[in-house]
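Thanks, everyone, for making the time this morning. I would like to walk you through a few parts of one structure, so please have a look at it before I go on.

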Amino acid sequence: MASSTAGTTGWLRGRVKAVTSGDCLVIMALTSSKPGPPPEKTITLSSLMAPKLARRGGIDEPFAWESREFLRKLCIGKEVTFKTDYTVSSIGRDFGSVFLGDKNVAMLVVSQGWAKVREQPSQPKQGQQKIEASPFIAELLQLEEQAKTQGLGRWSKVPGAAEASIRNLPPSAIGDPSKLDAMSLLNANKGKPMEAIVEQVRDGSTIRVYLLPEFQFVQVFVAGIQAPSVGKRPFTTEIVPEPEIPSDKTNGDVSAEPRAPLTSAQRIAASAVSPNETVPDPFALEAKYFTEIRVLNRDVRIVLEGVDKFSNLIGSVYYPDGDSAKDLALELVEHGYAKYVEWSANMMEEEPKRRLKTAELQAKKTKLRLWTNYIPPATNSKPIHNQNFTGKVVEVVSGDCVIVADDSIPYGSPLAERRVNLSSIRCPKMGNPRREEKPAPYAREAKEFLRTRLIGRQVSVQMEYSRKISPADGAAVANGPTDSRIMDFGSVFLAAPSKAEGDDAATPASSASQQAGVNVAELVVARGFGSVIRHRDFEERSSYYDALLSAESRATAGKKGMHSSKEPPVMHITDLTTASAKKARDFLPFLHRSRRIPAVVEYVLSGHRFKLLVPKETCSIAFSFSGVRCPGRDEPYSDEAIALMRRRIMQRDVEIEVETVDRTGTFLGSLWESRTNMAIPLVEAGLAKYTSFAGSDRIPDAHLLEQAEKNAKKQKLKIWEKYVEGEEVPNGLPTDTKQKEVLNVVVTEVLEGGKFYVQTVADQKTSSIQQQLASLNLQEAPLIGAFNPKKGDIVLAQFSADNSWNRAMIVNAPRGPVESSKDKFEVFYIDYGNQEVVPYSSLRPLDTSVSSTPGLAQLCSLAYLKVPTLTQDHGEEAAEFLSEYTLSKEFSAMIEERDFSGGKIKGQGTGPVLLVTLVAANEEISINAAMLQEGLARLEKKKKFDTKDRKAALDNLEKFQEEAQVNRRGKWQYGHYDSEEEEIVPPVKKGVGKR
């Protein structure tokens, strides 16, 4: 019937937006060519009279609620075809016929007995307007008679049915909200889903509902959001539908012709008449419409979250969408129709609160609707795209930082190891021993947790963002100072998790995370060893941020790790690497008690030297392979040896067997990882030499080391690439002294006891540093309080002798902050080796790009000699002679040995001391020989197990000492004497020479 009728002129199509009673519908257009909500029209079904719902202070007519509910459930949200049959201008209402598919809605209502048909008088009274009727009046009357006969709906014949159908409404439902106790209602139902029907939508985030089954009529503010205001008296336009397009376009919409917009004069006049009238905020009407088409006159679930100070109810609203339910607040925020509001969001649980915050951030990024003109704040983070890789974890720096060897980069390359900071989490800091900073509570536990799970394991890494970090405190700064650095952040996934990791990850992450493996950051947070960073808007964050927050919630609820109320575990570790050699020797008996001792490799110092943690003895030691030596730093294949050991033993559980301790406090012995003597693969790869000596038969696996070296020589691997058989002595050291490393140096500073500093000639680092210093603007003195150098800091200092600016390390500083420009600081010039006291006005801060380069001054000592100190006889003469003949002059320095104990003496920098033979160009003898010839030094004692090279050198120098003895020069002026004492060099405060 509808299909044949709908083709005639005047029929329109639309969607039912609301049902106000059992005979009245609000129908909106399907589409609109104008911006804003589509036009709508209120249609009362022609010739019908449904029972009336209660108004202010009244009660329902019998069956009024059931009548309205029948029509609501039948039509709400559905597409209909309708036509206006007639209009009653006196009451301003349009009456019409509505079809749902091919069914006449009025007939469906009447057939179920939910409305009666208005009687039509045969002749209207004189002066009375003719009453219009539905074109289907005959069918309606016939259906009404059938409903009466069957006792359907309002025609029910059941005794008391009419009285029972009248709702017992509370005062709030009939216009008296004053008696509603919002707090009691909240306390009785907080967190519980309550069934409700939305009766009105005030704005996008405020609705009025019936709470079923008591029919409490309440206003609910949607929790966590706020939509734009529609104004106190929003402007409305009367909608006049356009006629339907002819029958060849039967799917025309309910279009309308609004009144012409108000002119400026009309607006001024209107505001003068009604000063309280306000226009809607941008997108207010669209937000209201968005809410209306989803919840108006629909069944919803309300979860009360709280009450504000005005007793307004705050709640979450969920509406049906197919087989699932949707969160109205989340939908509004995602579509840019509402803003996240912190004060009401704090009443919600963490999970929905996080979703709202994330949705708002995404709407801001896409500049959606409300955020069209949004300007994001400055941020210090930048996304990293397309930098995913796989590799093995070689080091755990802390609970939130690991170093991964990239599989795609060749082994041994400096770029192979990539530092990855775990995205969006922060673990307790490990501290800095150089600054005497101790590890924070749970810092060791967090690092150990990752070490036992990641070291040597294959992982996949998804790089996500980089951030500019201030090295002073590790805090991120948007516009940081010049000494900031860039850190890369990413998510690390274990490809093959064990049972332990599976237990830690209590809840599965997103599908993308599951495909990659177990998220390491989530493991750390779930164990309570880290916290999730609360990012600011537009800061880049982990792609699995929600999973991290969930893990943190579980850890907090379970009081794990740093969330526990218990005292954090305390571990006291004795660090023998910074202690004296005597203290290390005192520990030797404890390490001899067991043949093999469990240990953990904390750091690889060189290919054959490591820092080990011995948990049983709670100490850290310096450990070196006995009888095995790798190339020194900056020598060929040194980096490859270090890379091999980092891959094989870095932070692994190992076993050690200690034989002895050398004069520098380094323990010598053998080390096994997974029952493999790790010196063997090092020698086998041609990255180390095995040195046999008396007592070397006590070295475990000595025969395997010899065989490994023979194989490396045979294949001419690495350090043996130029090896020719027969050019080596039995002890494995080359007889040709030309194979020793020779440096071209200039002496920059002379100390006492035969020690001095040198710079390498024609070093690119030297010229680079000089160029960078020359480009700095150093005219203005630093402001007191803005620059507070501390002990150990690298700064710029003005050298008093020539007023030049040089890099220097603060050796001593006043306690507390700087108070005057005349405050004194003791500095050590790291590129020259001299020391002096300068005022605060002669210091300047230094950019990390310049300060991070190691000092150019290298501490050296004359090989094979014992030179008296300044406090000993002829000490001053020795220092003056050395200064006169070497200072600021170029020499060839042949490195005879490296002494690692020299860096522990105050004022002598860090790193090894080079024991050298100094030879000037066109000179027949070395400076070493000249010192002996002048009687200003004496030869070291020969030892039983000296190498052939050392014996030859001592024999060569002995004639110069004999010459001084015969001629009674220097210390031999009173005759020849021999002392068995070993001179101990006291700390040196300043040098003799000057630059």
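Let me begin with a single pairing: V396 has V402, in strand β19, as its bridge partner. Please keep in mind throughout that what we are looking at is a predicted model. V396 belongs to the strand β18, residues 388–398, which runs antiparallel to β19 and is joined to it by six bridges, and a hairpin of two residues connects the two strands. On the other pairing of β19, V402 also has V420 in β20 as a bridge partner, and here β19 and β20, residues 417–422, are again antiparallel, with five bridges between them.

How many of the residues of β19 are buried? Six of its six are, and both faces are covered, with C401, I403 and A405 buried on one side and V402, V404 and D406 buried on the other.

Now to another sheet, an open one of five strands, which has the order β40-β39-β38-β37-β41 and antiparallel pairing. Because β40, residues 835–839, and β41, residues 843–844, each have a single partner strand, they stand at the edges, and one side of each is left without a neighbour in the sheet. The partnership of β41 with β37, residues 794–798, rests on two bridges, and A797 has L843 in β41 as its bridge partner.

Finally, on the surface, D873, E876, E877, E880 and E884 gather in a patch of negative charge. D873 sits in the loop between β43 and α23, and it counts as exposed because its relative accessibility is 66%, where the cut-off for exposed is over 50%.

How values were computed:
Residues numbered from 1 in each chain as written. Predicted model: local features only at pLDDT ≥ 70, side-chain atom pairs only at ≥ 80, totals over all residues. Heavy atoms only, no water. Pairing = 2+ DSSP bridges. Helix = DSSP H or I, 4+ residues; strand = E, 2+ residues; numbered from the N terminus. Patch = residues over 30% accessible without salt bridge, like charges linked within 9 Å, V, L, I, M, F, W, Y side chains within 5 Å. Areas by Shrake-Rupley, 256 points an atom, 1.4 Å probe, with all protein chains shown as cover. Salt bridge = Lys/Arg side-chain N within 4 Å of Asp/Glu carboxyl O. Lys, Arg positive; Asp, Glu negative; His and termini not counted. Charge placed at Lys NZ, Arg CZ, Asp CG, Glu CD. Buried < 20%, exposed > 50% of the residue type's maximum accessible area, 1.4 Å probe, protein only.
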